[in-house]
Amino acid sequence: MNELPDAAHIRDLLGPDSVWREVSVVESTGSTNADVAAAARAGEQPWMALIASEQTAGRGRLGRHWVSPKGASISMSLLTRPWRPVPEWGWLSLLPGLAVAGAVTDLATDASRVHLKWPNDVLIDGRKVCGILSEFVETREGPCAVVGIGINVTLAEAELPVPGATSLALAGFDTDQSRLAARVLTHFERFYHQWERHGSLREAYSQRCASIGAMLTVHADDQRISGTGFGVDESGRLQVLTADGVRTFAVGDVVHATLGHR
């Protein structure tokens, strides 16, 4: 049985210089995002992380449900209050994918197996291992961002939430949940500070994203637009080279014809 995440061990792994002032672990909750949003409205300060071993009423992108079996995955929600203008907060949907991809790569024996699919799907061998949902929360002290992350750790094939998913265990990766959580928090902190300094993560994201250079189809606004991933702009929107030129997408589901390696 894989050990569940331990708050004290995670804090030790983060080290004394970490910006994370509070890291809490609970066995089960409905939604870590809902819990952290409620805490923010009640006056909780940024750089707080809540981690759960089971989530019974979680949500993913585009209104999808995200339910995590107890002990087989971890769900974590992070509270931040960026000082950058709200219109630039779109990067907070992509940044967590970079953080998780970095953490998963740290646990891998072969880093080339880990990729990102726009906007924030973390893939191992082309199969999704992580779901992310970032939300805007109004508080008395101003707007905050709650970043929700769910990672499949030890799920067996029959337990996977959707076709095309995987888990760290199925991929043969390290499944130490405390180490995984600490690495996610560490990479998130690094990319977050980079974004706050520069207002964009375009270069770092482009180096990691397998959608760039891949033949793909974007499902957006009841349309299906096919082409080749061309890049991301300064706001993190996907650029696709189509027969009619380059088109840009702020939202949408991306389906790769094959996994594009960079």
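Helices (H or I, at least four residues) and strands (E, at least two) in these legends are DSSP runs, numbered from the N terminus. The model is a predicted one, so to speak of local features we need pLDDT of at least 70, and side-chain atom pairs count only at pLDDT 80 or more, while totals for chains, interfaces and linings use all residues. Residues are numbered from 1 along each chain as its sequence is written, and side-chain values use heavy atoms, with hydrogens and water left out.

**View 1. The second largest pocket, with α3 and β8 in its lining.** α3 (91-106) and β8 (127-139) each put at least two residues into the lining here. The largest share, five residues, belongs to β8. As for the space inside, the second largest pocket holds about 460 Å³. Its lining counts 22 residues, and those closest to the centre are Trp89, Gly90, Leu92, Ser93 and Ser134. By type, the lining splits into 13 nonpolar, six polar and three charged residues. For the bookkeeping: Ala, Val, Leu, Ile, Met, Phe, Trp, Tyr, Cys and Pro go down as nonpolar, Asp, Glu, Lys and Arg as charged, and the others, Gly among them, as polar. The search runs on a 1 Å grid over the protein atoms alone: a cavity is a set of points where a 1.4 Å probe fits but cannot get out, a pocket is an open set with protein on both sides within 12 Å along at least five of seven lines, and lining residues have an atom within 4 Å of a point. Grid points are joined across faces, edges and corners, and the volume is the space filled by probe spheres set on the points.

**View 2. Helix α2 and its two ends.** Thr32, Asn33, Val36, Ala37, Ala39 and Ala40 are the buried residues of α2 (residues 32-41) (buried means under 20% relative accessible area, exposed over 50%, partly exposed in between, with a 1.4 Å probe and protein chains only). They sit on the same side of α2 because they cover an arc of only 160° around the axis, the arc being that of the directions from the helix axis to the C-beta atoms. An α-helix has 3.6 residues a turn, so residues three or four places apart point the same way. At the N-terminal end, Ser31 acts as a cap, with a side-chain oxygen 3.3 Å from the backbone nitrogen of Asn33. That is a polar contact: a pair of N or O atoms within 3.5 Å, where within protein one must be able to donate a hydrogen and the other to accept it, and residues adjacent in sequence count only if both atoms are side-chain atoms. After α2 comes Gly43, with a positive phi near 110°.

**View 3. Strand β5, covered on both faces.** All eight of the eight residues of β5 are buried. On one side are Ser73, Ser75, Ser77 and Leu79; on the other, Ile74, Met76, Leu78 and Thr80. In a regular strand the side chains alternate between the two faces of the sheet. β5 pairs with β2 (residues 48-52) in the antiparallel sense over five bridges, and Ala52 stands opposite Ser75. β5 also pairs with β9, again antiparallel, over eight bridges, with Gly148 as the bridge partner of Ser77. Two strands pair if DSSP finds at least two bridges between them.

**View 4. Lys70, in the loop between β4 and β5.** The loop runs between β4 (65-68) and β5 (73-80). Lys70 counts as partly exposed because its relative accessibility is 48%. From Lys70 to Ala52 it is 8.7 Å, C-alpha to C-alpha, with their places 18 residues apart in sequence.**View 5. Backbone oddities in three loops.** Most residues other than glycine have a negative phi, and most peptide bonds are trans. Trp118 and Pro119 are joined by a cis peptide bond, with omega about 0°; Pro119 belongs to the loop between β6 (114-117) and β7 (121-124). Asp125, in the loop between β7 and β8, has a positive phi of about 55° although it is not a glycine. Asp125 is partly exposed, at a relative accessible area of 44%. Asp222 lies in the loop between β10 (215-220) and β11 (223-232) and has a positive phi of about 60°, also without being a glycine. With a relative accessible area of 88%, Asp222 is exposed.

**View 6. The hairpin of β12 and β13.** Two residues lie between these strands. β12 (residues 238-242) and β13 (residues 245-249) pair in the antiparallel sense over five bridges. Leu238 has Phe249 of β13 as its bridge partner.
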